[in-house]
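The following exercises are intended for a reader who is meeting this structure for the first time. Each task is followed by a solution that proceeds step by step.

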Amino acid sequence: MAARGGPVAQGGPHYLAGLNAEQRAAVETTEGPVLVLAGAGTGKTRVLTTRIAHILSLGLAFPSQILAVTFTNKAAREMRQRIGLLVGEQVEGMPWLGTFHSIGVKILRRHAELVGLKSNFTILDTDDQLRLVKQLIQAENLDDKRWPARTFAQMMDGWKNKGLTPDTIPEGDARAFGNGKGRELFRAYQDRLLQLNAADFGDLLLHPIRIFRENSDVLADYHRRFRYILVDEYQDTNVAQYLWLRLLAQRPKTGDAPSPPPNVCCVGDDDQSIYGWRGAEVDNILRFEKDFPGATVIRLERNYRSTAHILGAAAHLIAHNEDRLGKTLFTDTSSPEDERVAVNAGWDSEEEARAVGEEIEQLQRRGHKLNDMAILVRASFQMREFEDRFVTLGLNYRVVGGPRFYERQEIRDAMAYLRCVCQPADDLAFERIVNVPKRGLGDATVRQIHDHARGNGTPMIAAALEMVETEELKPKPRNALRSLVFNLRRWSELLPTTRHTDLAEMILEESGYTEMWQNDRSAEAPGRLENLKELVRSMEEYESLPGFLEHVALVMDTEQNAESDAVSLMTLHSAKGLEFETVFLPGWEEGLFPHQRALDEGGRSGLEEERRLAYVGITRGKKRVKIWFVSNRRIHGLWQSTIPSRFLDELPEAHVEVMEANTSYGGYGGYGASRWDGGASFASGGYRTPGARRAAAAASGGSYGDGWGGGRTREISYEEDGVKAKADRYAQAAGLGDFSSSENSGFAGRMTPDRGPALGRQAARGSNQPPSRGAGLYSSARQGGPREIAGELIAKSVVPPEESRYAVGTRVFHQKFGPGTVASVEGNKLTVDFDKAGQKRVLDGFVTPI
DNA sequence: TATTCACCTCTTTTT
DNA sequence: GAGGTGAATA
């Protein structure tokens, strides 16, 4: 269990001081494969950085012989900085410390020609990628409405994550897109990338894999080079990353001798695996001992971050997951003053933001730093309301990983100009700026250039240079194009002799791009000009234009100035690896968290990943964790009733405090239901737990995701024991309106936002349509019966499905699909032949007999 | 060719 | 609610 091998004696070099026995073992077991299972807050980064310092100080390797891979740029920066603190300037000599992708580029640039690229290839961003895919789809004469570029780009992404190429994707996958043209499209896409001398993100890993496989001498060279390999967040690696790593780590046999065990150290936590949607394979971590026989496995379970309450809440929640290696975090630094995890209820998302803002201000008045507080949301759209609120309060906040600097329109445009100058085959960049600013070069002209280029097999800029000398184009566009391409050529010629920042300024000025925004009278224009200046300023840190372009492509985030005191606002995903004294976790509602799509697409494992996300969220907190849920949230611009997240029920009573509704905001006496039924409420029934509150919300007509608030009404029964309410709550969790998901997006009868909660109220009252019961999402997520875990907030009971009261042949009316005839009944799910809309599967609660 | 407006879809998480 | 698209118009 604990460390195998590795001395645990006291003393030794200064950097080992203060490490516990397991940490120390992880640092000192330098030889052979090591897997460190590091729970949240157990000093994982410290182990990694100290291990590197240890290797260096023992002289086991030069800095340039250590390969240290992280998942994010942030993590790489932090590691570099912390190693620097331990070993000083030696860290400067570590070129192979970085993200999978940045190291991939480095390798690819050295051997680009082995895969048909030139070493100055461009890295496509998602924007370029989408435009390219769209062009290809259109070139195949496919309807790009029916076959969206986005979908295909995501499919390719999935393939690449799995390390697949056009030749190796499964036939079924290939057929699933574009009338069976998936494979052709994928191949066409890769061909086009080579023509463009470009690589997308996936290629940064796949090309090196191919290079290693096809060139054993190259691989052998890297084997000699990398004496020690370290991998952070191993649970997040996908198949491609795994293959890449295995190629580098597993040396081939030399002669008859067995291959030497690699000095590879992977650190991870299966409970914090939250990137399954992106192809991450938790299996990689579970399989480590098979991949690397004789591996030392070390568990770090002593938590140095959070209070016992926070840890207890998190542990109890995550225990609901079945797929895990299982670790027990412990701490012995608890004190009676520690606050329990607080669960708060709110009326709507505005109130949530208001209340959180107020709590933040209170903490601030008590001397807490804003820097020590964070709001972690499930989805980025939740941020807006907090931002709005903080702006009105004048509260300093910082969005981490939010709308990125380099994704702004003006930055992308400027970058496209620079790309045209550095890499003349970059058609995508050229197409982006041909007519920005407007030069009278519209679709028709661009098409002509494009065709000419494809005809000759040359890049578009080269084609344009030829075309301006012929009669092919009309005089007006011809002159405009001439001046553009001559400029581009001139700037390219200046590239070797001009300082890159000066050149960039010159390009932006002479192209008329700056002027375009100066003449723009819109409110954003000044900001955009400011951003352009900032872009040029940030170039100063880089040696050359190409160097800068690469940085931007890989490091999409800009470093935050940690100078000022500000509350952090970010998604749960980007919070991984961080910690704060106080953490606010808003939006714990079914459909949002766990997210509906995770449930729909991921089933049980999707739910478990959501739960791990919740675990990550809670374990970010050191002293205080404050969870929120509300009963009304605006989604896609319309108000919807929501019910509390099932995760709330999975918190242990002993570590949680359910907060009473605070009358200082909203002015309502109780939570949720009591506000819209005028008092005959659950709140008066003495229910205090989120579970019951959630039930109350459910009984009041909560619906998430059906997009239909008005008209569909339901009966409310305020039985004191809440049984009925609970039944309804389960039905509600299931209540998706209808199951014909593909048709689900066209909402009939939209609820106008300004009527918002008022309509929600109507929906809740005056109903003659009881919600259906049954096996919906909620219970299906608990297949095999409820898992009983002691000490939860409410007892679990799954309501058995009740047969529908509709019989085959009954005429019914559906708000969206109109009249129809029941074709079959399955529990509470009806298959109905609608007169106009055709056959649909709907929940019986959403139709009325006629 | 540029602009405007009505309409549609889509909103999870990211290197 | 937003952003993108397509058709209609200047």
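Two residues are in contact when heavy atoms of theirs lie within 4.5 Å. The model examined here is a predicted one.

**Exercise 1. Packing of helix 14 and helix 27**

Determine which residues of helix 14 meet helix 27, and how the two helices are oriented.

*Solution.*

Step 1. On the side of helix 14, the residues in contact are Ile310, Ala314, Ala315, Leu317 and Ile318. Their partners in helix 27 are Arg611, Arg612, Ala614, Tyr615, Ile618 and Thr619.

Step 2. The axes of helix 14 (residues 308-318) and helix 27 are 9 Å apart, and the packing angle is about 175 degrees. Because angles over 145 degrees count as roughly antiparallel, helix 14 is roughly antiparallel to helix 27.

Step 3. Sorted by class, the contact of helix 14 with helix 27 comprises 8 nonpolar residues, 1 polar residue and 2 charged residues.

**Exercise 2. The surroundings of DNA strand B**

Establish how many residues surround DNA strand B and which are the closest.

*Solution.*

Step 1. DNA strand B is surrounded by 26 residues, of which Arg378, Ser380, Ala444, Arg597 and His636 are the closest. Of the atoms of DNA strand B that come within 4 Å of the protein, sugar and phosphate account for 55%.

Step 2. Individual atom pairs can now be examined. The side chain of Arg597 has an N or O atom 3.3 Å from a phosphate oxygen of DNA strand B. Ala444 places a backbone N or O atom 3.3 Å from a phosphate oxygen of the strand. In the case of Trp277, a side-chain N or O atom is 3.0 Å from a base oxygen of DNA strand B.

Step 3. Helix 19 (443-456), helix 26 (572-575) and helix 27 (596-619) are the elements that give two or more residues to the surface near DNA strand B. Helix 27 supplies the largest share, 3 residues.

Step 4. The class composition of the surface near DNA strand B is 7 nonpolar, 12 polar and 7 charged residues.

**Exercise 3. Two further helix pairs**

Classify the orientation of helix 17 and helix 21, and then that of helix 2 and helix 3.

*Solution.*

Step 1. The axes of helix 17 (residues 409-422) and helix 21 (residues 475-494) cross at roughly 70 degrees and come within 8 Å. Helix 17 is therefore roughly perpendicular to helix 21. The crossing is right-handed.

Step 2. Tyr417, Cys420 and Val421 of helix 17 meet Leu484, Leu488, Trp491 and Ser492 of helix 21. The residues of this contact are 6 nonpolar and 1 polar, with no charged residue.

Step 3. For helix 2 (residues 44-57) and helix 3 (residues 73-87), the axes come within 9 Å and the crossing angle is roughly 50 degrees. Helix 2 and helix 3 are therefore oblique to each other. This crossing, too, is right-handed.

Step 4. Among the residues of helix 2 that meet helix 3 are Leu48, Ile52 and Leu56, while the residues contributed by helix 3 include Met79, Ile83 and Leu86. By class, the contact of helix 2 with helix 3 holds 8 nonpolar, 3 polar and 3 charged residues.

**Exercise 4. Backbone geometry in the loops**

State where Pro437, Pro594 and Asn141 lie, and describe the backbone geometry at each.

*Solution.*

Step 1. Pro437 lies in the loop between helix 18 (427-433) and helix 19. The peptide bond that joins Val436 to Pro437 is cis, with omega near 0 degrees.

Step 2. Pro594 is found in the loop between strand 13 (580-585) and helix 27. The bond from Phe593 to Pro594 is cis, with omega near 5 degrees.

Step 3. Asn141 belongs to the loop between helix 5 (126-139) and helix 6 (149-161). Although Asn141 is not a glycine, its phi is positive, at about 60 degrees.

Technical notes
Residues are numbered from 1 along each chain as its sequence is written. Chains are lettered from A and ligands numbered from 1 in the order in which they are written. This is a predicted model: local features need pLDDT of at least 70, side-chain atom pairs count only at pLDDT 80 or more; totals for chains, interfaces and linings use all residues. Side-chain values use heavy atoms; hydrogens and water are left out. A residue is near a molecule or strand if one of its heavy atoms lies within 4 Å of it. A polar contact is a pair of N or O atoms within 3.5 Å; within protein, one must be able to donate a hydrogen and the other to accept it, and residues adjacent in sequence count only if both atoms are side-chain atoms. Helices (H or I, at least four residues) and strands (E, at least two) are DSSP runs, numbered from the N terminus. Ala, Val, Leu, Ile, Met, Phe, Trp, Tyr, Cys and Pro count as nonpolar, Asp, Glu, Lys and Arg as charged, and the others, Gly among them, as polar. Axes are lines fitted to C-alpha atoms, for helices over the stretch in contact, and angles run from 0 to 180 degrees between N-to-C directions. Angles under 35 degrees count as roughly parallel, over 145 as roughly antiparallel, 65 to 115 as roughly perpendicular and the rest as oblique. A crossing is left-handed if the near helix is turned anticlockwise from the far one by less than a right angle, and right-handed if clockwise.
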